[in-house]
Amino acid sequence: MTNVVTGTMNFTQHTGDRDTATNEPLVPLEQLIFDPMNARLHPERNMETIKTSLCLYGQRSNITINRRTMHVEKGNGTLAAAKELGWTILAVSFEDDDEATAAGYGLVDNRSSELAKWDYEVVSRLEKLMVECDQTVVGWTLKELEVIRSADWNEQIQEREQQVE
């Protein structure tokens, strides 16, 4: 069902399906287009992490779609993972961005997560909790977790407290 005036698809009328938790439209994957200017690469480890997360936790956040172009602004990796898993729909949020706004949002969304830092002491505690609860820790290699587990967090806490004084 194409809107003749704008050339966009009206998916909420087309599918009629909405995510029960967010009330956002559910869109068939074949109607979504990867961002041809996506600057973010998704190597195998990243894709495996996204797929495992989708399998364990489901889709917890919408992908962002440009209503006019149907290009993914946020969530190219999620779309690729969902396709590899054989999913047929994803929950989306639609935006009416021009090309420059879509490009800017795509860049800042990817870059902002890179600029964050890990609190490895907290990661260690969360990993311990997950192991105690027989949960899978996703996105970390065993070697990475071993390094985090072997750290002396008490010594580092004392060093931080001395720096504050």
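In what order do the elements of the chain run from the N terminus on? In this predicted model, the order is α-β-α-β-β-α-β-α-α-α-α. Put as totals, the secondary structure comes to 7 helices and 4 strands. The chain has 165 residues, and 27% of them count as buried. A look at the contacts helps to show how this chain is folded up. Among contacts with a separation of 6 or more, 73% are between residues 24 or more positions apart.

A good place to start is the inside of the protein. In soluble globular proteins, nonpolar side chains tend to be buried together. The largest nonpolar core here has 12 residues. From the earlier part of the chain come Val-27, Leu-29, Leu-32, Ile-63 and Ile-65, and these are joined by Met-70, Val-72, Leu-79, Ala-82, Leu-90, Val-92 and Phe-94. Strand S2, helix H3 and strand S4 are the elements that give two or more residues to this core, and S4 gives the most, with 3 residues. Another core, of 5 residues, lies apart from this one, and its members include Met-47, Ile-50, Ala-80 and Ala-81.

Leu-29 offers a handy view of the surroundings of one core residue. Once its neighbours within four places in sequence are left aside, Leu-29 is in contact with Leu-79, Ala-82, Lys-83, Trp-87, Thr-88, Ile-89 and Leu-90. Among these partners, Leu-79, Ala-82 and Leu-90 also belong to the largest nonpolar core.

Charged side chains make up the next part of the picture. How many salt bridges does a search of the whole structure find? The search finds 8. Two of them involve Lys-51. In one, Lys-51 pairs with Glu-48, and the closest N and O atoms are 3.0 Å apart. Both residues sit in helix H2, and because they are 3 residues apart there, about one helical turn separates them. Is Lys-51 buried or exposed? With 14% relative accessibility, Lys-51 counts as buried, whereas Glu-48, at 39%, counts as partly exposed.

The other salt bridge of Lys-51 is with Glu-84, where the closest N and O atoms are 2.7 Å apart. This pair links distant parts of the chain, since Glu-84 belongs to helix H3 and Lys-51 to helix H2, 33 residues apart.

Loops take part as well. The side chains of Asp-96 and Arg-67 meet in a salt bridge, at 3.1 Å from N to O. Asp-96 lies in the loop between strand S4 (89–95) and H4, while Arg-67 lies in the loop between strand S2 (63–66) and S3, so the pair ties together parts that are 29 residues apart in sequence. Asp-96 is exposed, with a relative accessible area of 52%, and Arg-67 counts as partly exposed at 31%. Elsewhere, salt bridges that share partners join Arg-40, Arg-111 and Glu-114 into one network.

The last part of the picture is the open space in the model. The largest pocket has a volume of about 1,400 Å³. Its lining is made up of 41 residues, and those nearest its centre are Asn-46, Thr-49, Ile-50, Ser-113 and Trp-118. Ile-50 is thus a familiar name, being also one of the residues of the 5-residue core. Several elements each supply at least two residues of the lining: helix H2 (44–57), strand S3 (72–74), helix H3 (76–84), helix H4 (99–115) and helix H5 (120–132). Which of them gives the most? That is H2, with 7 residues. By class, the lining divides into 15 nonpolar, 16 polar and 10 charged residues.

The second largest pocket has a volume of about 350 Å³. Around it are 20 lining residues, of which Asp-35, Met-37, Glu-99, Ala-102 and Ala-103 lie nearest its centre. The elements that give two or more residues to this lining are S3 and H4. H4 provides the largest share, 6 residues. Sorted by class, the lining of the second largest pocket has 7 nonpolar, 6 polar and 7 charged residues.

Conventions:
Residues are numbered from 1 along each chain as its sequence is written. This is a predicted model: local features need pLDDT of at least 70, side-chain atom pairs count only at pLDDT 80 or more; totals for chains, interfaces and linings use all residues. Side-chain values use heavy atoms; hydrogens and water are left out. On a 1 Å grid over the protein atoms alone, a cavity is a set of points where a 1.4 Å probe fits but cannot get out, and a pocket is an open set with protein on both sides within 12 Å along at least five of seven lines; lining residues have an atom within 4 Å of a point. Grid points are joined across faces, edges and corners, and a volume is the space filled by probe spheres set on the points. Ala, Val, Leu, Ile, Met, Phe, Trp, Tyr, Cys and Pro count as nonpolar, Asp, Glu, Lys and Arg as charged, and the others, Gly among them, as polar. A salt bridge is a side-chain nitrogen of Lys or Arg within 4 Å of a carboxyl oxygen of Asp or Glu. Buried means under 20% relative accessible area, exposed over 50%, partly exposed in between (1.4 Å probe, protein chains only). A nonpolar core is a set of buried Ala, Val, Leu, Ile, Met, Phe, Trp, Tyr and Cys residues joined through side-chain atoms within 4.5 Å. Contact means heavy atoms within 4.5 Å.
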